[in-house]
Amino acid sequence: MKKIAILGLSLLSAAALFSGCKKSVNYLDYISEMRYGIWLYSSDGLEVKIYRSAKENPYIADGIKSDMCDLTEVYVTLPKNYDEVEISLDGMGGEMSYQAVENCYYISFSDEVSGDSVDVSLSCGDDSYTVSAVSVLYDGVMDCNGAVKCVAEHDSELFSSMTENGIFRGEIFVRLLYDEGCYYYVGVCGREKNISAYLVDGECGKIIATKKITG
C-alpha cells in the first residue's frame, strides 16, 4: 500500500510539472498583417485615404507568417483625371500611379505617418490641392491586438484546433476599418488557405459578423 501511495504521489508530481512547463500560445505572435491607422479627407470630389500598416513581405495568404515590413499607402480620388499627380506628405513624396479599376491614384512608402491629422499637398498639372486628412481613431477604440484577443475568446475552439504542440498553424490578418465608427476585420488563415473572417466592433469588441472563405 505504501509503494502504491508513493507511486501515486510521483505521478501527480510529474503531471503537475508537465502542466507547469506546458507552453502557452501567444496568438499575437502570428499576426502577419496589421492595419492600425487610417486618415481620411473628402470634399467636392476630392478624397484622400491614408492607411498605416505592418505586413509580411511578400504578402501571401498561406497560413504561414513571414517577416513583416512597415507600409504607408495613400489612395487619392480627384474631381477629374490627370496625366501626372505628385503628392507630398510628412516629408514623403513622389509621383502617384493611376489605378484604372478603382479610378484613383496610389502611392506607398515605408516611412511612417502619425498624429491626429496629416497635411497632404497634391500637384496635378496646372491644378494644386492642399488638404488635411484626419485620423479616424477616437477615445475608447481598442487596438489591433485587442481585436484579435476578442476573436480568440469568441472562437476558442477554432484557435485550439489550429494549435499543435504549442505552435499555432496559421496566420492572422487584422485591419482597422471605418464607417461612421471604428471596426476591425480579423481573418484567421490556416495552412489549407481557408480563412475564418470576423467583423469586430472597435469599441466593445462584439463580433458583429462571421464568414468562411475557402482558399
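The exercises below work through a predicted model of one protein, from its overall make-up to single residue pairs.

Residues are numbered from 1 along each chain as its sequence is written. In this predicted model, local features need pLDDT of at least 70 and side-chain atom pairs count only at pLDDT 80 or more, while totals for chains, interfaces and linings use all residues; side-chain values use heavy atoms, with hydrogens and water left out.

**Exercise 1. State how many helices and strands the protein has, and what percentage of its residues count as buried.**

Step 1. Helices (H or I, at least four residues) and strands (E, at least two) are DSSP runs, numbered from the N terminus. The protein has 3 helices and 15 strands.

Step 2. Buried means under 20% relative accessible area, exposed over 50%, and partly exposed in between (1.4 Å probe, protein chains only). Of the 215 residues, 39% count as buried.

Step 3. A contact means heavy atoms within 4.5 Å. Among contacts between residues at least 6 apart in sequence, 55% join residues at least 24 apart.

**Exercise 2. Describe helix H2: its buried residues, what covers them, and the contact at its start.**

Step 1. Helix H2 takes in residues 144-154, and its buried residues are Cys144, Gly146, Ala147, Val148, Val151 and Ala152.

Step 2. The cover over these buried residues includes helix H3 (156-161) and the strands S1 (31-43), S12 (170-178), S13 (182-190), S14 (195-201) and S15 (207-213).

Step 3. At the start of H2, a side-chain oxygen of aspartate 143 comes to within 3.3 Å of the backbone nitrogen of asparagine 145.

**Exercise 3. Find which elements build the largest nonpolar core, and which of its residues have the most contacts inside it.**

Step 1. A nonpolar core is a set of buried Ala, Val, Leu, Ile, Met, Phe, Trp, Tyr and Cys residues joined through side-chain atoms within 4.5 Å. The largest one has 27 residues, and Phe159, Phe168, Ile172, Val174 and Tyr184 have the most contacts inside it.

Step 2. S1, H2, H3, S12, S13 and S14 each give two or more residues to this core. H2 supplies the largest share, 5 residues.

Step 3. Beyond its neighbours within four places in sequence, valine 174 has contacts that include Ile31 and Met34, Cys144, Ala147 and Val148, and Tyr184 and Val186.

Step 4. Another core, of 23 residues, lies apart from the largest one; among its residues are Leu46, Val85, Leu89 and Met96.

**Exercise 4. For the salt bridges of arginine 175, lysine 55 and aspartate 127, name the partner and say where the two residues lie.**

Step 1. A salt bridge is a side-chain nitrogen of Lys or Arg within 4 Å of a carboxyl oxygen of Asp or Glu. The whole structure has 4 salt bridges.

Step 2. Arginine 175 pairs with glutamate 33, with the closest N and O atoms 3.0 Å apart. Arginine 175 is in strand S12 and glutamate 33 in strand S1, 142 residues apart. Arginine 175 is partly exposed at 22% relative accessible area, whereas glutamate 33 is buried at 3%.

Step 3. Lysine 55 pairs with glutamate 73 at 3.9 Å, N to O. Lysine 55 is in strand S2 (residues 46-56) and glutamate 73 in strand S3 (residues 68-77), 18 residues apart. Both residues are buried.

Step 4. Aspartate 127 pairs with lysine 80, with the closest N and O atoms 3.6 Å apart. Aspartate 127 lies in strand S9 (residues 127-135) and lysine 80 in the loop between S3 and strand S4 (86-89), so the pair ties together parts 47 residues apart in sequence. Aspartate 127 is partly exposed at 27%, and lysine 80 is partly exposed at 48%.

Technical notes. A polar contact is a pair of N or O atoms within 3.5 Å; within protein, one must be able to donate a hydrogen and the other to accept it, and residues adjacent in sequence count only if both atoms are side-chain atoms.
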